[in-house]
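I opened the model today to look up charges, symmetry and backbone oddities. My notes follow in the order I took them.

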There are 2 protein chains.
Amino acid sequence: MSRESVTHEQGAIYEFAPEMDPTATVEPGTELTIETRDSLDGAVQADSDVIEEIPEEVNAATGPIAVDGASPGDVLEIEIEEIRVVEPAGRVITIDGFGLLDGQPRIEAPESRMTPIEDGRLSFEGIDVPIDPVIGTIGVAPAEESYTTLVPHDHGGNLDTTDMTAGHTAYFPVFQEGALFAMGDCKAAMADGEMCGTGSEVATEIDLTVDVVETDVQLERPLVETPEAWKTIASAETIETACELANRDVIELLATEHDLSTTEAYMLSSLVGGLEISQVVDPLVTARNAIPKAYLSDPL
Amino acid sequence: MSRESVTHEQGAIYEFAPEMDPTATVEPGTELTIETRDSLDGAVQADSDVIEEIPEEVNAATGPIAVDGASPGDVLEIEIEEIRVVEPAGRVITIDGFGLLDGQPRIEAPESRMTPIEDGRLSFEGIDVPIDPVIGTIGVAPAEESYTTLVPHDHGGNLDTTDMTAGHTAYFPVFQEGALFAMGDCKAAMADGEMCGTGSEVATEIDLTVDVVETDVQLERPLVETPEAWKTIASAETIETACELANRDVIELLATEHDLSTTEAYMLSSLVGGLEISQVVDPLVTARNAIPKAYLSDPL
């Protein structure tokens with residue numbers, strides 16, 4: 001099967017809704033290349049281009065793409081093979097009213113800095129940083145409510161999670177027929193936390209393979225598989241609540257794999273791997289709970 | 001200089017106070033072995049030994065140890081060389097009213113599980129886990145208030161941070177003459193987050209070298225150096241606030257090293273390294289902000 005392509009010109013969304021018209025429909029097992037815009041739709045091309053307030057439409061997600069046969073209760077599998085930066089620079093910005101240190105002394109907003117990218121490295125004010133591209137917004141059609149592409153929730157969305165990167169596989173609950181996945185808002189580099197509110201926002205091409213997993217596991221939220229670990233991902237009003245959800249999800253998986261009581265699985269989760277921060281800046285914040293594969297072999 | 005030894009029989013504290021009588025006084029550069037009890041003072045020796053409520057005295061910290069010449073404004077350096085488990089088992093417990101998922105369905109408290117330890121591995125309900133000992137409580141005499149050894153704050157204390165491990169170096173602000181450091185509450189293994197409220201609590205011997213750094217940097221909170229990164233550490237009422245403090249501290253260091261504005265340092269912090277969770281269960285919670293050494297070479 002040759003690789004199919006979906007471009008942002010074919011379709012992009014600014015809201016994950018339960019009902020959406022697919023831009024494309026593919027078979028399970030399809031290899032795709034998905035082209036994505038930068039999160040600001042190209043509005044920042046120089047340090048002097050500043051963003052006064054969060055645009056009403058931000059984080060364009062290319063899609064949605066329907067997967068034939070994906071039904072509620074299934075799990076959508078997206079194997080991320082490569083994320084190629086397709087413009088000569090990304091940009092990192094501050095916006096008034098947004099970011100971990102928003103409003104604190106000596107934090108100026110709005111400000112923008114272009115980060116030229118060449119040979120797999122970006123330059124921030126002359127500081128050389130190897131790029132490690134990340135998909136910021138990735139998700140499926142939600143169960144009931146709609147979420148703008150600025151918000152992360154159980155459907156995925158604006159997860160801003162560094163593990164959404166090449167060589168990792170993302171899993172999402174299927175809430176609607178065809179799953180209807182979309183993605184965009186890539187960063188050439190991003191810290192865990194995304195403190196100032198952005199990474200180096202950049203347009204990309206993403207090579208991936210999409211598949212459908214039929215499983216008895218009732219996946220409620222996104223999950224990501226790295227070479228070393230399985231990580232549950234949860235978004236909530238506070239990091240504490242996100243940690244609670246991510247930990248609850250991990251405990252279910254550990255209890256099943258090792259035939260432990262819930263309390264014992266909780267204790268095991270307190271010994272191995274641990275909680276990680278995805279982002280602390282979006283309208284809901286996101287945490288994950290990583291379990292090394294030695295303790296969680298194949299949770300689906 | 002031969003290695004000096006300080007045992008918990010010589011002295012241990014359950015509160016970090018501004019004024020404390022030192023158990024021992026050492027010169028800068030002294031190599032020490034510090035013996036520590038388990039956090040529960042040996043109360044749990046079998047699965048049937050449960051802890052109904054958090055004891056009034058918990059996390060005994062061996063010390064305090066005065067360092068000759070350490071004065072307010074200096075930085076205390078503790079190079080952690082080795083942490084040896086000195087009993088045949090640790091224990092992981094739940095206590096009613098404590099832990100990330102306290103009170104949630106199917107989470108039973110109090111419960112205890114012994115974790116036998118042999119040849120560098122522990123066994124939790126038959127599951128084999130390599131040990132990676134961590135110092136849970138480590139700190140110095142605070143500036144003004146006193147803190148029980150259950151509480152982490154700017155002086156350190158119950159940081160429950162996995163980076164307090166062999167091969168890493170911890171730095172603390174010196175608030176009082178002699179610094180007056182103490183440590184205990186070690187775990188044979190612990191997850192980032194310490195979700196159930198403990199790791200595998202265990203008695204240890206810690207080999208370390210203590211020194212005093214004279215620096216122009218006004219260190220406000222603990223800092224830890226790993227082989228790969230420098231990490232600021234902050235404790236607060238919420239993880240969000242702890243993240244803010246840890247990020248502010250990182251930004252100061254980045255701005256100084258790279259001659260950046262505060263806003264630019266904030267942007268750089270949003271591109272490299274990132275926020276990490278130490279623990280989400282103590283009376284104050286703890287986060288850290290890691291910056292790879294490529295971007296922060298020698299902040300002190």
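**Entry 1: a charged patch**

I note at the start that this is a predicted model. I looked for surface charge and found a negative patch made up of A:E52, A:E53, A:D96 and A:D102. I then placed one member, A:D102, in the loop between β8 (89–94) and β9 (111–118) of chain A. Is A:D102 buried or exposed? Neither: A:D102 is partly exposed, because its relative accessibility is 30% and the partly exposed class runs between 20% and 50%.

**Entry 2: how the two chains relate**

I reminded myself that two copies of a chain are related by a rotation about an axis and a shift along it. How large a turn lays chain A on chain B? I found a turn of 180°, with a shift of 0.0 Å along the axis and an RMSD of 0.0 Å. That is how a two-fold axis relates its copies. I also looked up which C-alpha of chain A is nearest the axis, and it belongs to A:E276, at 2.9 Å.

**Entry 3: salt bridges**

Side chains of opposite charge can pair when their charged atoms come close. How many salt bridges does the whole structure hold? The search returned 54 over all chains. I went through three of the pairs.

The pair of A:D207 and A:R84 came up with its closest N and O atoms 2.7 Å apart. This salt bridge links distant parts of the chain, 123 residues apart: A:D207 sits in strand β18 (residues 204–213) of chain A and A:R84 in strand β7 (residues 75–85) of chain A. I checked how covered each partner is. A:D207 has a relative accessible area of 10%, so A:D207 counts as buried. A:R84 has 25% and is partly exposed.

I then asked which network takes in this pair. A:D207 and A:R84 belong to a network of salt bridges that also links A:R3, A:E31, A:E81, A:E82 and A:E205.

My next pair was A:R113 and A:E125, whose side chains meet in a salt bridge at 3.5 Å, N to O. A:R113 is in strand β9 of chain A, and A:E125 is in the loop between β10 (121–124) and β11 (127–130) of chain A. The two are twelve residues apart, and the pair is another link between distant parts of the chain. A:R113 is buried at 12% relative accessible area. A:E125 is partly exposed at 38%.

In chain B I looked up B:R113. B:R113 forms a salt bridge with B:E111, with 2.9 Å between the closest N and O atoms. B:R113 is buried, at a relative accessible area of 12%. B:E111, at 24%, is partly exposed.

**Entry 4: sequence distance and space**

I picked two residue pairs and compared their separation along the chain with their separation in space. A:E220 and A:D154 are 66 residues apart along the chain, and their C-alpha atoms are 6.6 Å apart. A:E220 lies in the loop between β18 and β19 (223–225) of chain A. A:E220 is partly exposed, with a relative accessible area of 44%.

For B:G273 and B:D132, I read 141 residues in sequence and 22 Å in space, C-alpha to C-alpha. B:G273 is in the loop between α2 (262–269) and β21 (274–279) of chain B. B:G273 is partly exposed too, at 34%.

**Entry 5: backbone exceptions**

Most residues other than glycine have a negative phi, and most peptide bonds are trans. I looked for exceptions.

Where does a cis peptide bond turn up in chain A? The bond joins A:A109 and A:P110, with omega about 5°. A:P110 is in the loop between β8 and β9 of chain A, the loop that also holds A:D102. In chain B, the peptide bond from B:G63 to B:P64 is cis, with omega near 0°. B:P64 is in strand β6 (residues 61–67) of chain B.

For phi, I noted two residues. A:D119 is not a glycine, yet its phi is positive, about 50°. A:D119 lies in the loop between β9 and β10 of chain A. A:D119 counts as exposed, because its relative accessibility is 74%.

B:E194 is not a glycine either, and its phi is also positive, about 50°. B:E194 lies in the loop between β17 (181–187) and β18 (204–213) of chain B. Buried or exposed? B:E194 is buried, with a relative accessible area of 1%.

Terms used
Residues numbered from 1 in each chain as written. Chains lettered and ligands numbered in written order. Predicted model: local features only at pLDDT ≥ 70, side-chain atom pairs only at ≥ 80, totals over all residues. Heavy atoms only, no water. Patch = residues over 30% accessible without salt bridge, like charges linked within 9 Å, V, L, I, M, F, W, Y side chains within 5 Å. Areas by Shrake-Rupley, 256 points an atom, 1.4 Å probe, with all protein chains shown as cover. Salt bridge = Lys/Arg side-chain N within 4 Å of Asp/Glu carboxyl O. Lys, Arg positive; Asp, Glu negative; His and termini not counted. Charge placed at Lys NZ, Arg CZ, Asp CG, Glu CD. Helix = DSSP H or I, 4+ residues; strand = E, 2+ residues; numbered from the N terminus. Buried < 20%, exposed > 50% of the residue type's maximum accessible area, 1.4 Å probe, protein only. Least-squares fit on C-alpha atoms with pLDDT ≥ 70 in both.
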